[in-house]
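This report introduces a structure to a reader who has not met it before. The sequence and the model are shown first, and selected features are then described.

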Amino acid sequence: MIEIQNIKKSFEDKEVLKGISGTFYKGKTNLIIGSSGTGKSVLLKCIVGLVQPDEGEVLFDNRNFYHSDLDTKIDIRREIGMLFQGSALFDSKTVGENVRFPLDMMTKMSTAEKRDRVDFCLERVGLTGVNQKMPSEISGGMKKRVGIARAIVMNPDYLFCDEPNSGLDPQTSITIDELIQEITYENNMTAVVVTHDMNSVMGIGDHILFLVKGLKVWEGSNNEILDSDNAQLKEFIFASKMMQALKR
Ligand SMILES: Nc1ncnc2c1ncn2[C@@H]1O[C@H](COP(=O)(O)OP(=O)(O)OP(=O)(O)O)[C@@H](O)[C@H]1O
């Protein structure tokens with residue numbers, strides 16, 4: 001479980017996060033949703049330590065990330081897997097080398113152990129036998145799968161995904177969403193996914209934080225979201241023609 005308390009962040013005079021609190025639960029796909037520019041990615045970066053918040057606390061299973069000793073911080077970082085926006089693969093490395101990278105950086109595993117772990121993770125995301133391919137030789141959906149394999153290669157307790165569906169067609173988006181959710185359940189991870197895709201919200205939104213202009217205005221599950229009477233949430237959900245049609 002991850003708890004965030006009163007997270008604030010400004011860039012120069014622009015207040016991007018205005019005091020956000022909430023909980024992300026273990027064994028669930030937790031979503032951060034909201035319109036473009038509302039602070040979702042900045043919040044994610046504050047949680048994983050890529051951006052330092054101006055105020056607020058982040059607790060990883062009761063360990064305070066920003067107010068703990070270096071060893072605890074390092075422990076927490078090793079327990080985090082991250083799927084970056086656009087997959088962020090190294091273009092000059094093969095698929096296998098991309099997935100192996102965290103093992104090379106952070107473990108003393110033998111070559112054979114690393115090979116087995118890489119093969120296991122690639123197989124888990126449905127990409128057996130593509131180790132030698134270069135990122136330029138595979139599709140966008142496959143790149144996301146490689147990104148997921150790399151994110152889970154260290155067997156993390158916490159999985160963060162920033163817009164995992166960006167640039168994918170609707171059908172591929174659903175398979176990637178489902179893969180993230182299956183892996184979350186299998187490994188009992190705390191997954192936090194940033195998205196503005198309503199398909200993802202309805203499909204995998206076990207727990208959802210809805211942001212508007214740097215504030216959390218609603219928190220709940222995808223089962224509760226359609227019945228909410230929060231006006232800003234309704235406006236966001238029913239912005240698309242498809243969701244309007246479902247409402248009728
Ligand atoms: N490093 C930075 N320096 C200055 N401003 C930043 C920085 N990072 C983000 N911002 C600003 O913070 C605001 C929120 O950005 P953020 O990327 O979190 O939005 P978002 O909700 O994830 O949007 P999108 O869905 O379009 O990715 C934006 O106005 C952005 O320009």
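## A pair of helices

In this predicted model, helix α3, formed by residues 95–106, and helix α5, formed by residues 140–152, have axes that come within 7 Å and cross at roughly 30°. Because angles under 35 degrees count as roughly parallel, α3 is described as roughly parallel to α5. The crossing of α3 and α5 is right-handed.

On the α3 side, the contact involves V95, N98, V99, F101 and P102. These residues meet V146, A149 and R150 of α5. By character, the residues of the contact of α3 with α5 comprise six nonpolar, one polar and one charged.

## The six-stranded sheet

Six strands form an open sheet with mixed pairing, in the order β6-β7-β8-β3-β9-β10. The edges are occupied by β6 (80–83) and β10 (215–220); each has a single partner strand, so one side of each lacks a neighbour in the sheet. On average, neighbouring strands of this sheet are turned by 15° against each other, direction ignored.

At the β10 edge, strand β9 (residues 207–212) and β10 run antiparallel and are joined by five bridges. One residue pair can be located here: L209 has E219 in β10 as its bridge partner.

## The annotated region

An unreviewed UniProt entry lists residues 2–238 as "domain: ABC transporter". Over residues 2–238, the chain is 39% helix and 26% strand. The end C-alpha atoms of that stretch are 29 Å apart.

Technical notes: Residues numbered from 1 in each chain as written. Predicted model: local features only at pLDDT ≥ 70, side-chain atom pairs only at ≥ 80, totals over all residues. UniProt positions renumbered as here; feature names shortened; annotations may be inferred. Helix = DSSP H or I, 4+ residues; strand = E, 2+ residues; numbered from the N terminus. Axes fitted to C-alpha atoms, helices over the stretch in contact; angles between N-to-C directions. Parallel < 35°, antiparallel > 145°, perpendicular 65-115°, else oblique. Left-handed = near helix turned anticlockwise from the far one by under 90°. Contact = placed C-beta atoms within 7 Å. Nonpolar A, V, L, I, M, F, W, Y, C, P; charged D, E, K, R; others polar. Pairing = 2+ DSSP bridges.
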